[in-house]
Amino acid sequence: MTQDASHQPYGTPEVPRVAVRGEARIEVDPEIARIGITVSARGTDRRTALEDLTRRNATVLDLIKSYGDPVEKLETGAFSITPELTRHGRGERVRAYHGRVHLTAELNDFTTLGELTTRLADLELTQVDGPWWALRPTSPAHGQARRQAVLEAVQRAREYAEALGARLAALVELADLGAENAIALTATAPGGMMRSMAYGTAEEAGAPPLDLEPQRQTVFAQVNARFTMTPPQL
């Protein structure tokens, strides 16, 4: 009993197979940018440090929210109040308390990003990290890269077949190498790191907005493809 050639992994002399890999790498402008904000406070007792931290955190949240739609996401991360110990004789005592709140903001308007970043860095005991540029998971760039990878696989297989005096007959298999791990499809270049701490006061003149140059993102896709072809002319 013979097995259908389409179910045989390596084909037959009558129905040979060709296996290829298609790859695509495209560069596109980022769609969003993320920044990290760390709000700090220090007090001689826990209550003072906590009240100061609460006030500064509220100021930062109000400032970010005032920008409206350009801010797509605002999240509060870690919060801590930590005692600073100092030696006193043979023992230790609390010298001060340090408080910190970590926030993350995601923006889609990079002009707004430069202005907001500068205003945040101009606040007391406020540190800004970032920006980190990125594409949305639903970005059309991912589909564009996948389509290009498939087209390259077909073209490569066709060239192999033509080199043998044959032609492609049918697609047997198309496998996305990133099917088990979507991150493998996108190689996002890390954004440049910007760190700043400011101890300014409200009376001081505001700093000019930062002119941030968005970092282009690289999107990568790979597919494995198997085709059957007509018998070669050897």
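1. A good place to start is helix 1, whose buried residues (under 20% relative accessible area, 1.4 Å probe, protein chains only) are Ala 49, Asp 52, Leu 53, Arg 56, Asn 57, Val 60, Leu 61, Leu 63 and Ile 64. They sit on the same side of helix 1, because they cover an arc of only 165° around the axis, taken from the directions from the helix axis to the C-beta atoms. On the other side, Arg 47, Asp 62 and Lys 65 are exposed (over 50%).

2. Please keep in mind that this is a predicted model, where local features need pLDDT of at least 70, side-chain atom pairs count only at pLDDT 80 or more, and totals for chains, interfaces and linings use all residues. Residues are numbered from 1 along each chain as its sequence is written, and side-chain values use heavy atoms, with hydrogens and water left out.

3. Now to the start of helix 1: there, a side-chain oxygen of Asp 45 comes to within 3.1 Å of the backbone nitrogen of Arg 47.

4. Next, the largest nonpolar core (buried Ala, Val, Leu, Ile, Met, Phe, Trp, Tyr and Cys residues joined through side-chain atoms within 4.5 Å) has 27 residues, of which Ile 37, Ile 64, Leu 113 and Leu 120 touch the most other members. Helix 1 gives the largest share of this core, 6 residues.

5. Leu 120 deserves a look of its own. Beyond its neighbours within four places in sequence, its contacts (heavy atoms within 4.5 Å) are Ile 35, Ile 37, Val 60, Leu 63, Ile 64, Thr 126 and Val 128.

Key:
Helix = DSSP H or I, 4+ residues; strand = E, 2+ residues; numbered from the N terminus. Polar contact = N/O pair within 3.5 Å; in protein donor to acceptor, adjacent residues only side chain to side chain.
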